[in-house]
Amino acid sequence: MTPPTKKSESCTATLRLADADQAQGLFACIQAEDANSSIDGVSLTVTVHGESLSDLRARFNSTLRSLQAASEALISVDASQGPSTKGV
């Protein structure tokens, strides 16, 4: 996070999920959020910008909730498909 010198200054926070098993799915789900995201192999990077510290906190919390919901949905889908048959 880039700390502002004043609470009213704009600031940015970046979250990097390295070696995320669900990076592609999370990347697809986060596209609807007001955040910049990129994917590099199995790593997902999400950057959120706020006009003030409280704005950044609100936007970042919303983005984190979306990532959590997407992760839980992807886990449920994986579980409903049963054991993997890869490599068989």
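**Questions on a predicted model**

Me: In which strand does T47 lie?
Reply: The structure shown is a predicted model. Its secondary structure comprises two helices and three strands. T47 lies in one of the strands, namely β3.

Me: Is T47 buried, partly exposed or exposed?
Reply: The relative accessible area of T47 is 23%. A residue counts as buried under 20% and as exposed over 50%, with partly exposed in between. Because 23% falls between these two limits, T47 is partly exposed.

Me: Which residue shares a side-chain polar contact with T47?
Reply: Leaving aside neighbours within four places in sequence, T47 is in contact with T12, A13, T14, A35 and N36. A polar contact of 3.3 Å joins the side chain of T47 to that of one of these residues, T14.

Me: What distance separates the C-alpha atoms of T47 and N36?
Reply: N36 is among the residues in contact with T47. Along the chain, T47 and N36 are eleven residues apart. In space, their C-alpha atoms are separated by 5.1 Å.

Me: Is S43 buried or exposed?
Reply: S43 belongs to strand β3, which covers residues 43-50. Its relative accessible area is 9%. The limit for a buried residue is under 20%. Since 9% is under that limit, S43 is buried.

Me: With which residue does the side chain of S43 make a polar contact?
Reply: Beyond its neighbours within four places in sequence, S43 is in contact with R16, L17, A18, D19, A23 and S38. At 3.2 Å, the side chain of S43 makes a polar contact with the side chain of one of them, R16.

Me: In what order do the elements of the chain run?
Reply: The chain contains two helices and three strands. Read from the N terminus on, these elements follow the order β-α-β-β-α.

Me: What span should helix α2 have, given its 28 residues?
Reply: Helix α2 covers residues 53-80, and each residue is taken to add 1.5 Å. The expected span uses one less than the number of residues. The end C-alpha atoms of α2 are 40 Å apart, which agrees with the expected span of 40 Å.

Me: Against which elements do the buried residues of α2 pack?
Reply: The buried residues of α2 are L56, F60, T63, L67 and A70. In an α-helix, residues three or four places apart point the same way, because there are 3.6 residues a turn. The buried residues of α2 pack against β1 (11-17), α1 (23-30) and β3.

Me: How are α1 and α2 oriented, given their angle of about 130°?
Reply: The axes of α1 and α2 are 9 Å apart, and the two helices pack at an angle of about 130°. That angle is neither over 145 degrees, as roughly antiparallel would need, nor within 65 to 115, as roughly perpendicular would need. Therefore, α1 is described relative to α2 as oblique.

Me: Which residues in α2 meet those of α1?
Reply: The crossing of the two helices, α1 and α2, is right-handed. On the α1 side, the residues are G25, L26, C29 and I30. On the α2 side, they are T63, S66, L67, A70, S71 and L74.

Me: What distance separates the C-alpha atoms of A70 and G25?
Reply: A70, in helix α2, counts as buried at 7% relative accessibility. Apart from neighbours within four places in sequence, A70 is in contact with L26 and C29. A70 and G25 are 45 residues apart along the chain, yet their C-alpha atoms are separated by 7.8 Å.

Me: Which residues does Q22 touch, not counting residues up to four places away in sequence?
Reply: Q22 sits in the loop between β1 and α1. With a relative accessible area of 18%, Q22 is buried. The residues that Q22 touches are S71, L74, I75 and D78.

Me: Is K6 buried or exposed?
Reply: K6 is found in the segment before β1. Its C-alpha atom is 8.4 Å from that of L53, although K6 and L53 are 47 residues apart in sequence. The relative accessible area of K6 is 54%. Because this value is over 50%, K6 is exposed.

Key:
Residues numbered from 1 in each chain as written. Predicted model: local features only at pLDDT ≥ 70, side-chain atom pairs only at ≥ 80, totals over all residues. Heavy atoms only, no water. Helix = DSSP H or I, 4+ residues; strand = E, 2+ residues; numbered from the N terminus. Buried < 20%, exposed > 50% of the residue type's maximum accessible area, 1.4 Å probe, protein only. Polar contact = N/O pair within 3.5 Å; in protein donor to acceptor, adjacent residues only side chain to side chain. Contact = heavy atoms within 4.5 Å. Axes fitted to C-alpha atoms, helices over the stretch in contact; angles between N-to-C directions. Parallel < 35°, antiparallel > 145°, perpendicular 65-115°, else oblique. Left-handed = near helix turned anticlockwise from the far one by under 90°.
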